[in-house]
Amino acid sequence: MLRILGLVVAVEAALETATLPTSIPRPSTKNVSNVFHNNTSPDNITITADGRSLLVDGRRWFPVDGELHFTRVPRFMWREELRRVKAGGLDQVATYVFWNHHEELRGDYDFSGRRDLRAFLETARDVGLKVLLRLGPWSHGEAKNGGHPDWVLGDDEPCGAKLRSLDARYMACVDAWFGRLSSELAGLFWRDGGPVWAVQLDNEIGDWKYLLGLREIALSYDIAPAAFTKTGWPNPDAGYPARYPMLPFFGGYADASWTNDMKDQIQANTFEFHKGPMMLLGEGPDPTCPGCYPLVPGFPWLDVEMGGGMNSDYNHRTHLEPLDMEALALCTVGGGSNGVGYYMYHGGNNPHSKQHDVAGDALRDAPNVTLQESAWSAAGTQNPTTSSSYDYFAPLGEFGQPRGHYHGLKALHLMLRAWGDVLADAVPVPGGGDDGPTALRWAARASPAGTFLFVNNYQRGATLPPKTDVRFALERGDATLAVPSNDSAPLTIDANASFVWPVDVALPVGRIAWATAQLLTQTDGVVFLLETPGFSEVALDLGSAALETTAARTDEGGVAVLRGVKPSLAPFATIRENGREVSLVLLAAEYVDRVWTDEDASPRRVFVSSSGTLFVLPDGDRVDLRLDDGNARATLLVCPPPAGGTGVFGAVDEVDLPALDPPRPAVRLVKPFATPVRSIPVVKSSGKPREPDLDDWLGAAEYEINVTLPPGAEWRLRVDYAGDAARVLFEDRLLTDNWYTGYETSGGLEVGLSFLADENPGLLGGTTTLRRRGPRGPPGER
């Protein structure tokens, strides 16, 4: 329980005050109850929702979802990449079904190889991930025509002139497509014991009657998820009923690649907390919050498109930093969202067009015939994207490589997996004043089982100044709780800091009254916190329990305040009462990329890996490690320790690896630029500059890269270049491409040689030859 602490302030500070609710109203189920059908699994587990959150078997569920497009990943890599997704703390994967990837030619369906939808869903089920299936028929996702096959837009209008409408000819085409899809989906829905609990129809459209028409077709073919969903923007057309049988999902991005402007598009409101309560209460639109969307009362706020990164288009070279995505996610959760979903979480590598993927075809991989959106797309936004790469600067890149925000976001995800049911029951409480650069941006989320304090002093494109002499005052009724203690020095919140701290959170024994460190995860008898650099205070409400601690302890207002808590692999505190005990471990901030969990184990297993470990991938009693090329020895600590072990951790035997000396490729200029400086045309219909065409590429500089690759490793080739754009080919087949965006190392041009080897025989066999082509931009540009 919150206690009134000392009212005499020992050190003057600027109080940041928020009033917590004394009681939390029971959420309504009036409208959302109309959404769920076929929502009980064979083992009698039911998915439903109320106006606050999703529920699984009656327990609040805070889903952590990430987008991975199965047709943009080679089939033989699916299991590995889904395991990496799950290791990032996710429990759900979302994927588009792009119509043109499966029926490029009318009536010629292809569900083979990386297009095998059924096999992908079965793999997701086997890995232990739920699935949100985004079915179309129109998807966007930077697919050509938004996913509509070219023939749908044919001059003879086989599907009518009014696409994405209730037009009878268009719906007849959709009917045939959904009918074929249904055989791939049979037996894979939640009611069948399958992973697919939700199906999204179309994408970002306000015609709610059209969406109901799609739902009717889907149900006629027994496409029957627990819930149909829709993206909640733009606002629905007039007449939208409150009891609409679809679950809305939302999103937000750190930038906007679809703009015509080359400058950064700063989405400032995504780094603020104030939009959340407005969405939850359905009070919008609000002129003070132009990026907010109103939510019909009775529905939870769930996200499916929080930017996990951002695509770079030819006309808008997005350059992001990991903190962009980490702060965005923190503000979204702190503002009240009860489901995070990243678009994209795993980058992609586009499949080849079946029409021209033939050796000797003059149009093979020409930008105007690929399945990716381009200036030549017949319909849609005509964003000039790369022809093959859909890297998106996602937490996991185009070839599964982890980026900084993979680990930064993982810390939040692990907390949500361990305390998501508590947070999902917590209502948002705005803190602070305005969102100007001098104000501290913060919010709280309060529930009977615990309160979480969110702070963000980061914004893309600006440096928010440090906030000094800060003390938080959380008021509930007549009680006020101060964080940190009134007897402690006030806080300085550094520029670029963002974090979430626990307040009044229950432990297996006692409670955390507050901590200036982030809850990370927990297992049987051990709670792990992650250091927030510069802070070291933990206060415990012990009741009648006994405390053993290595930190300096003072008793203040009925709680034990521990100061000078130092990060360590050993507990800094152990609480005992009536034969029960819990140990608290504070891990150093730099361990953020070294902590992993096995959420399928009971109790949960927590791993701490040695430096240089890229992934820890549990699989029952087996644990697979993925290490960087400079790591010849790996160690792994596990909690609870193996049988017979003592202490918090047990050590898995050290693993010695054969030394790998990555070969250095030999690069040879084959052909210099054969064309003059490119004059960039502007597409009249879109106003966007047009990317290079096939003639431009044929006139580009060409290099041959030769490298002999020893077995026993996952190989990627990184290419640093100066130019406007580049393509990498093998045997005249496009492997990947890149618009120059200024990334150094992570985010630049890379080629997943092992990743693509199964679809490109000979790519790893002995000497590999690659070609890089890069048309020049104007003089002085890179």
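**Exercise 1.** In this predicted model, decide whether Arg460 is buried or exposed, and find its salt-bridge partner.

*Solution.*
Step 1. The relative accessibility of Arg460 is 4%. Buried means under 20%, so Arg460 counts as buried.
Step 2. The side chain of Arg460 meets that of Asp264 in a salt bridge, at 3.3 Å from N to O.
Step 3. This pair links distant parts of the chain, 196 residues apart. Asp264 lies in the loop between strand 10 (247–252) and helix 6 (275–281), while Arg460 lies in the loop between strand 17 (450–456) and strand 18 (467–476).
Step 4. Asp264 has a relative accessible area of 42% and is therefore partly exposed.

**Exercise 2.** Describe the salt bridge between Asp50 and Arg60, and state how each residue is classed by accessibility.

*Solution.*
Step 1. The N to O distance of this salt bridge is 2.9 Å.
Step 2. Asp50 sits in the loop between strand 2 (47–49) and strand 3 (54–56), and Arg60 belongs to strand 4 (residues 59–61).
Step 3. Asp50, at 7% relative accessibility, counts as buried. Arg60 is also buried, with a relative accessible area of 16%.

**Exercise 3.** Locate Thr386 and list its contacts beyond four places in sequence.

*Solution.*
Step 1. Thr386 is in the loop between strand 13 (348–349) and strand 14 (389–390).
Step 2. Its relative accessibility is 6%, so Thr386 counts as buried.
Step 3. The side chain of Thr386 reaches the backbone oxygen of Ser389 at 2.6 Å.
Step 4. Beyond its neighbours within four places in sequence, Thr386 touches Gln372, Asp737, Asn738 and Trp739.

Terms used
Residues numbered from 1 in each chain as written. Predicted model: local features only at pLDDT ≥ 70, side-chain atom pairs only at ≥ 80, totals over all residues. Heavy atoms only, no water. Helix = DSSP H or I, 4+ residues; strand = E, 2+ residues; numbered from the N terminus. Buried < 20%, exposed > 50% of the residue type's maximum accessible area, 1.4 Å probe, protein only. Polar contact = N/O pair within 3.5 Å; in protein donor to acceptor, adjacent residues only side chain to side chain. Contact = heavy atoms within 4.5 Å. Salt bridge = Lys/Arg side-chain N within 4 Å of Asp/Glu carboxyl O.
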